[in-house]
Amino acid sequence: MTLTDHDPFAQPLPPGRARALPWATVIGGSTMTIVPVIAAVPILPPLGLLVLLAWRLLARFALRPWAAAPLGFVDDLLSGQPLGSAVLLWSLCFLGIDLVERRLVYRDFWQDWLIAAAAIMFCLAGGRVLAVPLTAHVDGAMLAQGCAAILLFPLAARLVAWIDRKRGMA
Amino acid sequence: MAPAGDRRTGFSRRRQYGIFIGYVLAVAGAVVGAVLLVVSSFNPPLFAGIRMGVASVTAPISGGLATVTEAAASVPEAINGWLFAHAENAAMRRELAAARPLLQRARVIAYDNRRLRALLAVRDRTPDPVVTARLVSSSASSGRRFALLDAGRFSGVLPGMPVRGPEGLVGRVLETGPAAARVLLLSDPESIVPVRRSRDGLPAIAIGRGDGAVDIRSVNATDVRFAAGDVFVTSGIGGLYAPGIPVARVAAAGTDSVLGRTFAQPDTFDFALVERVFMPLPAAPTPAAAAPTDPAP
């Protein structure tokens, strides 16, 4: 974008749409499970959770504190986990991030990434314990899935930051 | 990043209550999640309706995406086919020459088999196909191994029906929606299929491992040796699967419990055949019909 393209008086999105945009992106991330692949092991990172964490850590007023539960409900409908697992785990993540925010007053992207990594690992481990019997051989695959998700977090953060800048102040 | 200053609510009662209620709702969300989890673990089919309603919307989208992917993938495949047509032709000729005597023998055996069965007056049940559909997506982010079939109740698919692919058994239908059905794949950790060894009928069960393979365990016998390459087919016990559908091949020799590779490697481009339940249980009598109507006192 050149300087002449930039219009400082352009209207940002109307408030209703700007408020709905974070919800839509998280649901879009959850919907990625419909890609036409029959996976033999859990390979797809939990993209809905990634986008949710990015919104929560980068733009904390974009989602209400209670937004994790309904978004988790949508994720449960699409992911194949027992209904309620993402509702519980995502809500606990939001509460945990609130507690961390109280302690860690000034934080950088590295701290955000660390918090997101802990939340991703917590959700994956919780989902594994809640959904799959303990004797199943899925731990290695889920560890790889968690690492992939952690490495994807900066990408999700860039995407969320870009959308947040586009949508203006809500 | 500077700290977010939203906790300073000032003197506005409205703002104070708003933030307080937000946190109350957040905790309530976690509690609701825990309750839903308990309910869905005690009664898994309870939420099948809403889940499969969503799946009925996503399955056609996945099917469309699969068609597009398939079309894109067919271009290099076609080029490959032209390049290697000659070598493939020669290999197939060799294979045909090797298979012809086997086919003659199999024909004789099949005829013998028919005759002997007729002598014994064995009543054969052949499972009827319900519908041919495709697996369009799967639970790729979860530890469970479900696939989504793009045919549902409108096509006559009902829970419990076995699903087989061209190579062997794929799994069975778990939940159905109007236009989609959820299939429990063989490799799901909660899938158990009764099988028998194809050469001597040794009974065993194939339990999913969650990593794309199955564990084959012997039943009612200890110290059973499995050789690598042993083929297991469904035994028909339990009445769900028709006997004789290929399930898995033993990957490494062992005793009592060995790793098995499933024949069907479910892929999105494969067709899946949904069959009727082989020997359905007789329907439970409805309470109204079972209980004799009391005469009015």
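## Two barrels and an interface

Five bridges link β1(B) with strand β14 (residues 271-275) of chain B, and the two run antiparallel. Within β14(B), Phe271(B) is the bridge partner of Arg134(B). This is a good place to start a tour of the model, which is a predicted one.

Strand β14(B) also has β3 (residues 162-164) of chain B as an antiparallel partner, joined to β14(B) by two bridges. Here Val163(B) stands opposite Val274(B) of β14(B). Both pairings belong to a closed barrel of six strands in chain B, which runs β1-β2-β5-β4-β3-β14 with antiparallel pairing. On average, neighbouring strands of this sheet are turned by 40° against each other, direction ignored. Helix α2 (residues 48-83) of chain B packs on the sheet, where it touches β1 (129-138), β2, β4 (169-176) and β5 of chain B. The direction of α2(B) makes about 80° with that of β1(B).

Elsewhere in this barrel, β2 (residues 146-149) and β5 (residues 181-185) of chain B pair in the antiparallel sense over four bridges. Leu149(B) is found opposite Ala181(B) of β5(B).

Chain B holds another barrel to look at. Its six strands close in the order β6-β7-β8-β13-β11-β10, again with antiparallel pairing. The twist from one strand to the next averages 40°. One of the pairings joins β7 (residues 203-208) to β8 (residues 214-218) of chain B, antiparallel and over five bridges. In β8(B), Asp215(B) is the bridge partner of Ile207(B).

Here are the strand pairs described so far, side by side.

| Strand pair | Sense | Bridges |
|---|---|---|
| β1(B) and β14(B) | antiparallel | five bridges |
| β3(B) and β14(B) | antiparallel | two bridges |
| β2(B) and β5(B) | antiparallel | four bridges |
| β7(B) and β8(B) | antiparallel | five bridges |

Now for the packing. Which residues have the most contacts inside the largest nonpolar core? They are Leu149(B), Val183(B), Ala206(B), Ile216(B), Val247(B) and Val274(B), in a core of 52 residues. Not counting residues up to four places away in sequence, Val247(B) touches Gly168(B), Leu169(B), Leu186(B), Val193(B), Val195(B), Ala206(B), Phe232(B), Val233(B), Thr234(B), Thr262(B) and Phe263(B). Apart from this core lies another, of 46 residues, including Val51(A), Leu124(A), Ala131(A) and Val138(A).

Next comes the meeting of the two chains. In the model, 50 residues of chain A are in contact with 50 residues of chain B. On the side of chain A that touches chain B, α3 (68-79), α4 (85-103), α5 (109-131) and α6 (139-167) of chain A each supply at least two residues. Helix α4(A) gives the largest share, seven residues. By type, the residues of this side divide into 36 nonpolar, 10 polar and four charged.

Finally, a word on confidence. The model scores ipTM 0.86 and pTM 0.84. Chain B averages a pLDDT of 86, with 91% of the residues scoring at least 70. Among the elements of chain B, β5(B) has the highest mean pLDDT (94), while helix α4 (residues 287-290) of chain B has the lowest (53). Over residues 290-297 of chain B the pLDDT is below 50, and beyond near neighbours in sequence this stretch has one contact in the model. Where pLDDT is low, the predicted coordinates should not be read in detail.

Technical notes
Residues numbered from 1 in each chain as written. Chains lettered and ligands numbered in written order. Predicted model: local features only at pLDDT ≥ 70, side-chain atom pairs only at ≥ 80, totals over all residues. Contact = placed C-beta atoms within 7 Å. Nonpolar A, V, L, I, M, F, W, Y, C, P; charged D, E, K, R; others polar. Pairing = 2+ DSSP bridges. Axes fitted to C-alpha atoms, helices over the stretch in contact; angles between N-to-C directions. pLDDT = per-residue confidence, 0-100. Core = buried A, V, L, I, M, F, W, Y, C linked by C-beta atoms within 7 Å. Buried ≥ 20, exposed ≤ 12 C-beta atoms within 10 Å, placed from the backbone.
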